[in-house]
Amino acid sequence: MIVLGIETSCDETSIGIIEDNKIIVNEIFSQKIHSEYGGVVPEIASRAHLQKILPLMNDALMKSSISLKDIDLICATAGPGLIGALIVGYCFGAGLSLSLDVPFVPVNHIDGHLYSVFLENEGIEFPYVALLVSGGNTSLFMIEDFYKIKQLGNTLDDAAGEAFDKVGKLLGLKYPAGAEIEKLAQAGKDSLFSFPVAETSGKYDFSFSGLKTSVLRFIQKNFPDGIDESSKSNIAAGFQKAVIEALVRKTVQAVKDYNVRNVALVGGVASNKSLQKMLRERLPENSRLFVPSPSLCTDNGAMIAFAGLKSYQTNFYLESKITQPFPN
Ligand code: KG4
């Protein structure tokens, strides 16, 4: 089956075309304009999606040599995300489905990330524990099968990526700052400045807002006149260590408690090499860690196409709340 996936939930416009679990094309446009504002501006994001979606669709068709009449199924992200941004991709997909007379499947963005590990190599086996770490979400899941998902824990406040972006702002970096903090941290010492790892009452929950405040206070107290480059690297290293410790500790705990072998690390922050390394080192010896390549860690249409295909094949979309998107 040839499946078109459309993603416009935040600041990536993306069109993916897959055949079963094989990616034919995955065009991603990251809206750089938000870096001028220090974060995503919803109104600007919606307009940028509107400007980009049709050219991106044409590029995808041209690069893949697929024609519209080859498409068997159309899937689009219906939530969670920025409402104005979601409407662009959703309506584009729904309109296309009407005109081509092919089924339309609304997809939950989180499901797209959770199943993104099936799009490469041999793919993962069920059951698996998934750590989803992005700019909007930080959660742990137990995945028994397609659309048999149990959420084990969640962030109580900020997402990990959001913490990276906010601390990046304190260090004078542009949005999104995650990859830049990782680079700075490589040049720094993570033992010079230490920051707290939050305790939460929920066994698998996370909390990052206290950590962010702690970095803010530390900078205000110790660097009132500005931070020199080497201290910036050391702060980045100490901060990154605290985030990684929280993520790894809870994930390893879940893997042991549920006695599963397979683990998926997904979402934008999953590209972080230190996080991947630490998780690999601390997981039980017989574990298998699956991390998608960077273009599948970030928001993309191929993962939406795959999650939509599985939703269609299992009839999940017929009973899912997401078939009535944008609830009040
Ligand atoms: O999944 P994603 O592309 O978008 C959503 O938030 O849904 O994730 C973007 C987030 C941003 O917060 C960005 O700073 C973070 O992922 N990120 C990273 C790295 N690359 C991207 N955080 C830490 N280390 C990285 N290498």
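Student: Leaving aside neighbours within four places in sequence, which residues is Phe208 in contact with?

Tutor: Good place to start, and bear in mind that this is a predicted model. Beyond those neighbours, Phe208 is in contact with Thr138, Thr155, Asp157, Asp158, Ala159, Ala160, Ala163, Val243, Ala246 and Leu247.

Student: What makes these count as contacts?

Tutor: The cut-off is heavy atoms within 4.5 Å. Val243 and Leu247 are listed for Phe208, so each has a heavy atom within 4.5 Å of one in Phe208.

Student: Which residues touch the most other members of the largest nonpolar core?

Tutor: Leu171, Phe208, Ile235, Phe239 and Leu247 do, in a core of 49 residues. At least two core residues come from each of strands S6 (128-133), S7 (138-145) and S9 (262-266), and from each of helices H4 (160-170), H5 (178-187), H6 (209-222), H7 (229-258) and H8 (273-282). H7 gives the most, with 13 residues.

Student: Why is Phe208 called a member of a nonpolar core?

Tutor: Membership asks for a buried residue of a listed type, Phe among them, joined to others through side-chain atoms within 4.5 Å. Buried means under 20% relative accessible area. Phe208 belongs to the core, so its relative accessible area must be under 20%.

Student: Which residues are among those of the other core?

Tutor: Val117, Ile124, Tyr147 and Met303 are among its 32 residues, and this core lies apart from the largest one.

Student: How do you know that the two cores are separate?

Tutor: A core is joined through side-chain atoms within 4.5 Å. The 32-residue core is set apart from the largest one, so no such link joins the two sets.

Student: What lies closest to the centre of the largest pocket?

Tutor: Asp11, Gly135, Asp165, Tyr175 and Pro176, out of 44 lining residues. The pocket has a volume of about 1,300 Å³. H4 supplies the largest share of the lining, six residues. Both domain 1 (2-115 + 296-318) and domain 2 (122-291) contribute at least three residues.

Student: Why is Gly135 counted as polar in that lining?

Tutor: By the classes used, Gly falls among the polar residues, so Gly135 counts towards the 20 polar ones, beside 13 nonpolar and eleven charged residues.

Student: What lines the second largest pocket?

Tutor: It has 18 lining residues, with Asp190, Gln240, Lys241, Ile244 and Met278 nearest its centre. Its volume is about 340 Å³, and H7 gives the largest share of the lining, seven residues. By class there are eight nonpolar, four polar and six charged residues.

Note on methods:
Residues numbered from 1 in each chain as written. Predicted model: local features only at pLDDT ≥ 70, side-chain atom pairs only at ≥ 80, totals over all residues. Heavy atoms only, no water. Buried < 20%, exposed > 50% of the residue type's maximum accessible area, 1.4 Å probe, protein only. Helix = DSSP H or I, 4+ residues; strand = E, 2+ residues; numbered from the N terminus. 1 Å grid on protein atoms, 1.4 Å probe; cavity = no way out; pocket = protein on both sides within 12 Å on 5 of 7 lines; lining within 4 Å. Points joined across faces, edges and corners; volume = space filled by probe spheres on them. Domains from an automatic or database assignment.
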